[in-house]
Amino acid sequence: MAIYKHFKPSYYASSIQEIPYEQLKKQGIHTLFFDLDNTIMSYDETLISNKNIQFLNELKSAFSIIIVSNSGFKRVSKASNHAKIPYIHSAKKPLKRGYKRALNKAACSKDHVAFIGDQLMTDIFGANKMNILSVLVKPVKQRSDHFFTRTNRKIERFVLKKMLKKYPTLINDALKAYSKDIHGL
Ligand SMILES: [Mg+2]
């Protein structure tokens with residue numbers, strides 16, 4: 001059961017715009033780590049949309065922002081530089097290394113950080129293992145998921161089914177909404 005608790009996000013939102021930022025601020029969060037693919041832009045896109053850049057720019061007045069992505073240098077640097085946001089590429093989430101690199105870059109304690117991403121198996125699992133507050137978002141465009149992500153979604157579904165059946169106490173509102181939204185569970 002111990003491992004399953006790491007799959008539980010603190011919040012779930014239908015997009016980065018819908019995250020309860022005021023609430024995060026009240027909880028002492030001043031730095032946001034964002035996953036890139038399917039969190040801020042779809043796999044089909046190579047640049048972050050103007051709408052999202054504008055939104056992230058507004059967020060910058062209240063939070064420090066870093067993009068933490070498992071994608072490679074070329075893709076991550078292009079999208080991040082265009083949006084003028086610092087980044088960590090090839091983060092290897094859910095391993096701890098990428099989160100630690102991001103914490104070093106932000107020069108802040110993990111108590112003040114929230115991690116925002118679209119995948120339970122990488123973003124959320126890794127953040128929770130690091131004791132970083134985790135926020136799950138609905139994928140920007142699920143059909144654009146790459147092979148590894150599609151595989152992760154299958155594992156995700158398996159894990160969620162098991163949790164719903166065996167460990168219902170670990171299912172909070174965030175996870176309940178996500179299971180329903182993405183997996184129809
Ligand atoms: Mg992602």
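This is a short chat about strand E5 and the parts around it in a predicted model.

Visitor: What kind of model is this, and how are residues numbered?
Guide: The model is predicted: local features need pLDDT of at least 70, side-chain atom pairs count only at pLDDT 80 or more, and totals for chains, interfaces and linings use all residues. Residues are numbered from 1 along each chain as its sequence is written.

Visitor: How are the strands of the sheet ordered?
Guide: Six strands form an open sheet in the order E1-E6-E5-E2-E3-E4, with parallel pairing. Helices (H or I, at least four residues) and strands (E, at least two) are DSSP runs, numbered from the N terminus. Two strands pair if DSSP finds at least two bridges between them.

Visitor: Which strands are at the edges?
Guide: Strand E1 (11-13) and strand E4 (87-88). Each pairs on one side only.

Visitor: What does E4 pair with?
Guide: Strand E3 (residues 64-68), through two bridges, and the two run parallel. Val68 has Ile88 of E4 as its bridge partner.

Visitor: And H5, where does that helix pack?
Guide: H5 packs on the sheet and touches E5 and E6. Its direction makes about 165° with that of E6. Angles run from 0 to 180 degrees between N-to-C directions, and axes are lines fitted to C-alpha atoms, for helices over the stretch in contact.

Visitor: Back to E5. Is it buried or exposed?
Guide: Mostly covered: five of five residues in E5 (residues 113-117) are buried. Buried means 20 or more other C-beta atoms within 10 Å of a residue's own; exposed means 12 or fewer, and partly exposed is in between, with C-beta atoms placed from the backbone.

Visitor: Which residues point which way?
Guide: Val113, Phe115 and Gly117 point one way from E5. Ala114 and Ile116 point the other way. In a regular strand the side chains alternate between the two faces of the sheet.

Visitor: How many bridges does E5 make to E2 and E6?
Guide: Four join E5 to strand E2 (residues 31-34), and four join it to strand E6 (residues 133-137). Both pairings are parallel. Thr31 has Val113 as its partner in E5, while Ile116 has Val135 as its partner in E6.

Visitor: What links E5 to E6?
Guide: Helix H5 (residues 120-129), in a right-handed β-α-β unit. Right-handed means that, with the strands pointing away from the viewer, the path from the first strand over the helix to the second runs clockwise.

Visitor: Why is H5 called largely enclosed?
Guide: Because eight of its ten residues are buried. Among them are Leu120, Ile124, Phe125 and Ala127. The cover includes helix H4 (96-106), E5, E6 and helix H6 (147-166).

Visitor: What's the geometry between H5 and H6?
Guide: They pack at an angle of about 60°, with their axes 10 Å apart. That makes them oblique to each other. Angles under 35 degrees count as roughly parallel, over 145 as roughly antiparallel, 65 to 115 as roughly perpendicular, and the rest as oblique.

Visitor: Which residues make that contact?
Guide: Leu120, Met121 and Thr122 of H5, with Asn152, Ile155, Glu156 and Val159 of H6. Contact means C-beta atoms, placed from the backbone, within 7 Å.

Visitor: New topic. What about the largest nonpolar core?
Guide: It has 48 residues. Those with the most contacts inside it are Phe33, Phe34, Ile66, Phe115 and Ile116. A nonpolar core is a set of buried Ala, Val, Leu, Ile, Met, Phe, Trp, Tyr and Cys residues joined through C-beta atoms within 7 Å.

Visitor: What does Phe33 touch?
Guide: Ile66, Val68, Ala102, Val113, Phe115 and Ile116, leaving aside neighbours within four places in sequence.

Visitor: Where is His112?
Guide: In the loop between H4 and E5. His112 counts as partly exposed, with 18 C-beta neighbours inside 10 Å. Its contacts include Gly28 and Thr31.

Visitor: Which peptide bond is cis?
Guide: Lys93 to Pro94, with omega near 15°. Pro94 lies in the loop between E4 and H4. Most residues other than glycine have a negative phi, and most peptide bonds are trans.

Visitor: What is the phi of Lys92, and of Asn38?
Guide: Lys92 has a positive phi of about 60°. Asn38 has a phi near 65°. Lys92 is partly exposed, with 14 other C-beta atoms within 10 Å, whereas Asn38 is buried, with 24.

Note on methods. Two residues are in contact if their C-beta atoms, placed from the backbone, lie within 7 Å.
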